[in-house]
Amino acid sequence: MKETDTIFIARFFAILGVITVHSTSYINVNHSELNFLFLKTASLGAYGVHLFFLISGYCLAASYYNRKENTFKYFFIRRFFRIAPLYFLIGIIFYFIISVAKYYYFNGSFSIVNTLSYSFSSSIYNFKNIASNILFIHGFVESANNIVPGGWSIANEMFYYLLFPFLLRFLNLNSLRKNLNFFFLLVLALYLINLITTSNLDKLELIQYLDFVFRKTIHPIIFFVIGIIFYNDKNLFFNNIIKPVLLILFVLVILLVLFYIYEIKIIAHLSLICLFILIIIFINKKKTCGFFSKILINYGKASYSAYLVHFFLVDT
């Protein structure tokens, strides 16, 4: 299967997971309680966002190396116009109109509410929150994350785009050992930051804010970084498929055992990284692209639009 088709199918599974977790959560809260095991399984779909980050790192590396540009100027321009127009139109403007319309429908007067629901709360549409979303820095502004449902992940994408040139200084083509050394140093650093922020949550407001930034914005970067590494060493994974698959399976089993014993979140995320890479490798191994695969590819191409719109459809 073509590399681009593999990525689109992976995007389909990512958006499927996100829509599943939000749909089941809404049904469970607003209509009827679902089976606990089913709900727990569906909640894993939340990590579809992290799969998006991994795919994003892979695609950015592919774009950068294939174009062979000497500057990042046009790279950033392309990234901005790929994300911003739809985010401004569907994200900010559409959800603002829907928010006002739903409040009018249920209350008979115009006002601005905090979410898509019809209950009134203090307005989140202030200058700080709107400006944060326009500038895509709302990953660092906790109150600004309710303007666009799920908008925090888009802010993360833009933040990771800015970090991309810096990361390339440490990540090299066809140098898996060096790349993994950097990755595990990054994981260790993030784990130490996590220990600091979680051990002082009841002491300082600043620590609570740092915990928010770490969980929402900083920590998921490990998926983005592994996406870059995956592209840099894609020949090893795609062309010599047996050994990498066996190695990843072995590491995945070890990590799952460790997580079962110690329940450390960072181990769970490393397990997910292994699982995501296995999924992409197995998709790529498929030699032909049949009718069903073409449907998944087309839906994968529309995954960004689906991500922005599905919150409205789920809540309707």
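## Notebook: a predicted all-helix chain

**Entry 1. Phe53.** I began with Phe53, which I found in helix α3. The model I am reading is a predicted one. Is Phe53 buried or exposed? Its relative accessibility is 1%, so Phe53 counts as buried, the limit being under 20%. I then looked up which residues Phe53 touches, setting aside neighbours within four places in sequence. The contacts of Phe53 are Trp152, Ser153, Asn156, Glu157, Tyr160, Pro220, Phe223 and Phe224. For one of these, Phe224, I noted the spacing as well: the C-alpha atoms of Phe53 and Phe224 lie 4.9 Å apart, although 171 residues separate the two in sequence.

**Entry 2. The chain as a whole.** I next turned to the overall make-up. How many helices and strands does the protein chain have? I recorded 14 helices and zero strands. Read from the N terminus, the elements therefore appear as α each time, under the rule that numbers them from that end. Of the 316 residues in the protein chain, 47% are buried. I also looked at contacts between residues at least 6 apart in sequence, and 70% of these join residues at least 24 apart.

**Entry 3. Aromatic pairs.** I looked up the ring pairs and noted a count of 29 aromatic pairs. I examined Tyr58 and Tyr231 in detail. Their ring centres are 5.3 Å apart and their planes stand at 85 degrees, so I entered the pair as edge-to-face; the cut-off for that label is over 60 degrees. Tyr58 belongs to helix α3 and Tyr231 to helix α9 (residues 221–232), so this pair ties together parts that are 173 residues apart in sequence. Both Tyr58 and Tyr231 are buried.

I then took up Phe223 and Phe276. The ring centres of Phe223 and Phe276 are 6.1 Å apart with planes at 50 degrees, so this pair is tilted. The pair links distant parts of the chain, with Phe223 in helix α9 and Phe276 in helix α12 (residues 265–285), 53 residues apart. Phe223 is buried at a relative accessible area of 0%, and Phe276 is buried at 7%. Phe223 had already appeared in my first entry, among the contacts of Phe53.

**Entry 4. Nonpolar cores.** Which members of the largest nonpolar core touch the most other members? This core has 76 residues, and I listed Phe183, Ile222, Val225, Phe230 and Tyr307 as the answer. I followed Val225 further. Without counting residues up to four places away in sequence, Val225 touches Leu167, Leu171, Phe182, Phe183 and Leu186. I also noted a second, separate core of seven residues, with Ile9, Phe12, Leu296 and Ile297 among them.

**Entry 5. The second largest pocket.** I recorded a volume of about 800 Å³ for the second largest pocket. Its lining is made of 28 residues, and those closest to the centre are Phe8, Arg11, Cys59, Arg79 and Arg82. Where does the lining come from? The helices α1 (3–30), α3 (48–67), α4 (73–107), α6 (151–168), α13 (291–301) and α14 (303–315) each supply at least two residues. Helix α3 gives the largest share, eleven residues. I sorted the lining by type and noted 14 nonpolar, seven polar and seven charged residues.

**Entry 6. Around helix α5.** I closed with helix α5 and the loop after it. Ser132 is found in helix α5 and is buried, with a relative accessible area of 4%. Apart from neighbours within four places in sequence, Ser132 is in contact with Ile137, His138, Val141 and Ala144. I also noted Ser143, which is eleven residues from Ser132 in sequence and 9.7 Å from Ser132 in space, C-alpha to C-alpha.

Leu135 lies in the loop between α5 and α6. Is Leu135 buried or exposed? At 58% relative accessibility, Leu135 counts as exposed, because the limit for that is over 50%. The C-alpha atoms of Leu135 and Ala84 are separated by 9.5 Å, with their positions 51 residues apart along the chain.

Phe136 is placed in the loop between α5 (127–134) and α6. I noted that Phe136 is buried, at a relative accessible area of 7%. Its phi is positive, about 60 degrees, although Phe136 is not a glycine.

Notes
Residues are numbered from 1 along each chain as its sequence is written. This is a predicted model: local features need pLDDT of at least 70, side-chain atom pairs count only at pLDDT 80 or more; totals for chains, interfaces and linings use all residues. Side-chain values use heavy atoms; hydrogens and water are left out. On a 1 Å grid over the protein atoms alone, a cavity is a set of points where a 1.4 Å probe fits but cannot get out, and a pocket is an open set with protein on both sides within 12 Å along at least five of seven lines; lining residues have an atom within 4 Å of a point. Grid points are joined across faces, edges and corners, and a volume is the space filled by probe spheres set on the points. Helices (H or I, at least four residues) and strands (E, at least two) are DSSP runs, numbered from the N terminus. Ala, Val, Leu, Ile, Met, Phe, Trp, Tyr, Cys and Pro count as nonpolar, Asp, Glu, Lys and Arg as charged, and the others, Gly among them, as polar. A nonpolar core is a set of buried Ala, Val, Leu, Ile, Met, Phe, Trp, Tyr and Cys residues joined through side-chain atoms within 4.5 Å. Buried means under 20% relative accessible area, exposed over 50%, partly exposed in between (1.4 Å probe, protein chains only). Contact means heavy atoms within 4.5 Å. Rings of Phe, Tyr and Trp (its six-membered ring) pair if their centres lie within 6.5 Å; planes under 30 degrees apart count as stacked, over 60 as edge-to-face and the rest as tilted.
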